[in-house]
Amino acid sequence: MLVKRLLCSYTKAFNRLHRGASGNQNANSLDYNVTPFCGMAVGRSFSSDAHHPPDDGQKPVTVSLYQMKKTIKGASAMLGESFEGPTCIQTVCPVCHIVPGVEGKVATDTVRSKIFVNKTTGNFTCSSCQYLGRWDHIEKFFPPYGRAPKTVQELRKLRDAFLELKLEHVGVVCPVPGDTVPVDSLEGARDVIRCLQLENIIPEALVNVKAHWHRENHELFIPMVDVEHRTIGYKKLHVGSDGEICERTVPEANASGLIYLRCSPSNAGTKAKDQSQINAILVLNVLDLLALGSVKLNATAVCLPHGLKTLPQQCLPGLDRFQRLTLWFNYDTAGWDTARNFAKKLDERRCMFVRPTDHHPTPYKALLEEATEPKAILAKAQPILHQSITTFRALRQDVLSDLQNIDKVQGVKWKRYPTLNKLLKGHRKGELTVLTGPTGCGKTTFMSDYSLDLAQQGVSTLWGSFEIRNTRLAVTLLRQMVGRPLDENLADFEQWADAFERLPIYFMTFHGQQPIKIVMEAIEHAQYVHDIQHVIIDNLQFMMGVLDETKHLDRYWKQDAIIAAFRTFATKRNCHVTLVIHPRKERDTDELTTSSIFGGAKASQEADNVLIIQDKRLTSVRGKKYLQIAKNRYSGDLGIMPLDFDKASLSYAQRKKKPEGGDDGGGATEAPASEPIDRTVRRAF
């Protein structure tokens with residue numbers, strides 16, 4: 001029976017890889033996987049990357065780090081010594097190289113496949129095939145095994161099933177196109193530099209990254225390599241129609257490769273100790289990488305695959321060999337916030353950061369300006385992890401950065417709601433927002449429109465909808481993005497579904513009442529894996545009163561505990577959390593206030609922003625619906641925003657005002673012409 005259950009679990013995992021998107025699971029299910037939306041057509045895979053199945057790489061680990069270390073160490077007699085890095089534990093794959101029950105018999109592969117077990121999530125990555133799986137899938141294969149012959153026989157059958165599943169989902173490799181030629185000579189590199197107008201880049205840098213050149217299309221290809229130095233993808237550079245350098249990453253999601261460039265040491269003729277094997281500088285694009293390769297530095301420059309969007313956990317093994325990481329990102333608040341999130345993945349104790357000020361531009365800009373020496377900027381890098389007690393001197397550069405980037409400190413601006421920009425100033429990380437309103441007023445519809453606006457600007461969003469199915473929510477979001485009913489325009493569905501699929505929106509598969517512990521495990525895991533910046537919980541009441549041991553507790557106390565958990569998460573993980581909470585039962589003629597929020601006063605006290613939908617259409621002949629900003633901790637500005645509902649698009653988007661004396665529809669929400677724009681690199685993912 002045991003082997004049947006084990007084989008059944010792997011069969012189900014295999015079948016999920018070929019199943020299209022489905023609705024929410026049963027309300028009582030404890031499967032809290034976080035899955036990206038990837039189209040709704042029949043036959044489409046639910047995973048955005050076929051070789052990284054959601055069921056094998058997205059479920060939060062339930063075993064402690066101590067238990068993982070103990071299991072791996074117990075198998076060292078047959079597998080050899082394991083190596084623990086800052087983010088992963090490296091060991092030999094017990095499935096590929098050990099036959100259960102045969103003492104001392106190890107597979108005779110000339111190259112022994114290694115696996116890297118993430119110390120935070122428990123997910124493992126196989127170095128030979130890039131297979132991403134869960135700890136509980138491989139834990140049982142570590143020796144020693146039970147002595148019972150039946151157990152050994154069951155493990156052998158399970159091993160065969162595991163290897164078959166693994167072979168079916170070998171990671172997709174995207175090699176550099178075959179019609180390109182290697183840039184392996186200094187003369188050829190100089191021609192490429194002249195063609196792309198890469199000022200101050202030395203030709204040796206292109207040769208060292210093993211670049212390839214497409215002569216007809218004038219495109220430069222830089223290969224990305226995995227932890228075993230195999231090419232698994234590439235970055236493509238070309239000059240756009242506006243004269244800017246455009247950069248694209250292939251594959252576009254979940255790339256496990258990095259670009260390494262060993263910088264020339266400052267004193268090549270001396271016997272200075274080579275620090276390039278333990279000291280790395282992380283940058284976001286190829287131009288910054290080549291710029292560092294053109295400077296005398298005793299370090300290795302590393303280009304991340306997806307810039308500020310995300311840092312896949314498959315990339316972490318390739319950075320474990322470095323003892324010190326300096327994160328040199330765009331000198332704005334977004335770059336600083338992203339660096340702090342990435343540092344949590346990379347182990348903050350070994351991370352340094354170049355503070356984002358006008359005196360610390362990105363490497364390529366510093367190389368162009370010539371007045372700023374990149375080496376001098378690196379010397380001013382500071383640790384990301386502050387002490388418990390600090391001084392203004394330590395915070396001085398942070399204060400200067402905020403003052404110089406005041407618009408970006410205010411947060412991401414909405415394009416559909418200029419009134420919210422005027423009052424709230426923007427959507428900021430690390431804050432807690434509470435939205436309330438009477439039943440049926442359109443809280444979920446407004447929140448989907450509100451979050452879609454931000455997601456279209458790159459704010460990665462995690463939806464936790466406990467009231468409605470994910471399929472219905474996705475239909476609403478898709479219709480709001482298109483602006484018209486798609487059931488009347490099915491011919492355009494594939495085009496819009498592909499566009500929506502590229503948005504950084506993820507859904508939790510909960511439905512109905514769920515314990516706060518399980519929900520928080522899923523949210524914390526998603527924030528780590530997908531770099532979530534905005535979490536939406538609709539609504540809070542569905543996490544109260546489902547456990548027998550808590551049924552005798554006061555509901556107000558339970559709600560306060562839940563709000564405290566989300567407040568702590570928002571601050572600690574620097575992630576914006578929006579909670580939808582139903583109000584108390586009030587008379588229809590009375591306006592809702594912050595005191596109308598269900599529960600105690602903790603919700604309004606802990607919240608940074610309180611938004612209330614006031615609906616007076618049923619109590620007044622000329623009654624209107626509007627959004628009231630009842631609390632704003634950032635700027636203190638309060639006010640209202642009219643909510644005019646467009647049924648065709650299911651949107652509350654505000655119409656743009658025409659400028660005085662003009663006849664075009666822009667003006668009101670366009671950025672001022674004097675706003676500085678960084679036109680050094682334009683990234684196209």
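User: A residue is called buried under 20% relative accessible area and exposed over 50%. With these terms, which exposed residues lie on the face of helix α3 turned away from its buried side?

Analyst: The model is a predicted one. Helix α3 spans residues 65-74, and its buried residues are Met-68, Thr-71 and Ile-72. These three cover an arc of only 95° around the axis, so they share the same side of α3. The face turned away from that buried side carries the exposed residues Tyr-66, Lys-70 and Lys-73.

User: What covers the buried residues of α3?

Analyst: Helix α3 lies across β2, β3 and β4, and runs at about 20° to β3. Two of these strands return in the cover over the buried residues of α3, which includes β3, β4 and the helices α4 (76-79) and α6 (135-138).

User: Which strands stand at the edges of the sheet that contains β3 and β4?

Analyst: This open sheet has 5 strands in the order β2-β3-β4-β5-β6, and its pairing is antiparallel. An edge strand has a single partner, so one of its sides is left without a neighbour in the sheet; this applies to β2 (83-84) and β6 (132-133).

User: Which residue of β4 is the bridge partner of Ile-89?

Analyst: Strand β3 (residues 88-92) and strand β4 (residues 114-118) run antiparallel and are joined by 5 bridges. In β4, the partner of Ile-89 is Val-117.

User: Where are the edges of the open sheet formed by 6 strands?

Analyst: The order in this sheet is β12-β14-β13-β15-β16-β17, with mixed pairing. Its edge strands pair on one side only, and they are β12 (259-262) and β17 (382-383).

User: Which residue of β16 is the bridge partner of Leu-327?

Analyst: Strand β15 (residues 324-327) pairs with strand β16 (residues 351-353) in the parallel sense, over 3 bridges. Within β16, the partner of Leu-327 is Phe-353.

User: At about what angle does helix α11 run to β16?

Analyst: Helix α11 comprises residues 333-346 and lies across β13 (279-283), β15 and β16. Its angle to β16 is about 170°.

User: Are helices α20 and α21 roughly parallel or roughly antiparallel?

Analyst: The axes of α20 (residues 516-530) and α21 (residues 555-572) come within 11 Å and cross at roughly 10°. Angles under 35 degrees count as roughly parallel. The relation of α20 to α21 is therefore roughly parallel.

User: How many nonpolar residues take part in the contact of α20 with α21?

Analyst: From α20, the residues Ile-516, Met-520, Ile-523, Glu-524 and Gln-527 meet Ile-562, Ala-565, Phe-566 and Phe-569 of α21. By class, the contact has 1 charged residue, 1 polar residue and a nonpolar group numbering 7.

User: Is Gln-605 buried or exposed?

Analyst: Gln-605 is found in helix α22 (residues 602-606). Its relative accessible area is 53%. The cut-off for the exposed class is over 50%, so Gln-605 is exposed.

User: Leaving aside neighbours within four places in sequence, which residues are in contact with Gln-605?

Analyst: Thr-594 is 11 residues from Gln-605 in sequence, and their C-alpha atoms are 9.4 Å apart. Beyond the neighbours within four places, the contacts of Gln-605 are Lys-631 and Arg-633.

User: What percentage of the residues in the protein is buried?

Analyst: The protein has 22 helices and 26 strands. Among contacts with a separation of 6 or more, 69% join residues 24 or more positions apart. Of the 685 residues, the buried share is 53%.

Methods. Residues are numbered from 1 along each chain as its sequence is written. This is a predicted model: local features need pLDDT of at least 70, side-chain atom pairs count only at pLDDT 80 or more; totals for chains, interfaces and linings use all residues. Side-chain values use heavy atoms; hydrogens and water are left out. Two strands pair if DSSP finds at least two bridges between them. Helices (H or I, at least four residues) and strands (E, at least two) are DSSP runs, numbered from the N terminus. Contact means heavy atoms within 4.5 Å. Axes are lines fitted to C-alpha atoms, for helices over the stretch in contact, and angles run from 0 to 180 degrees between N-to-C directions. Buried means under 20% relative accessible area, exposed over 50%, partly exposed in between (1.4 Å probe, protein chains only). The arc is that of the directions from the helix axis to the C-beta atoms. Angles under 35 degrees count as roughly parallel, over 145 as roughly antiparallel, 65 to 115 as roughly perpendicular and the rest as oblique. Ala, Val, Leu, Ile, Met, Phe, Trp, Tyr, Cys and Pro count as nonpolar, Asp, Glu, Lys and Arg as charged, and the others, Gly among them, as polar.
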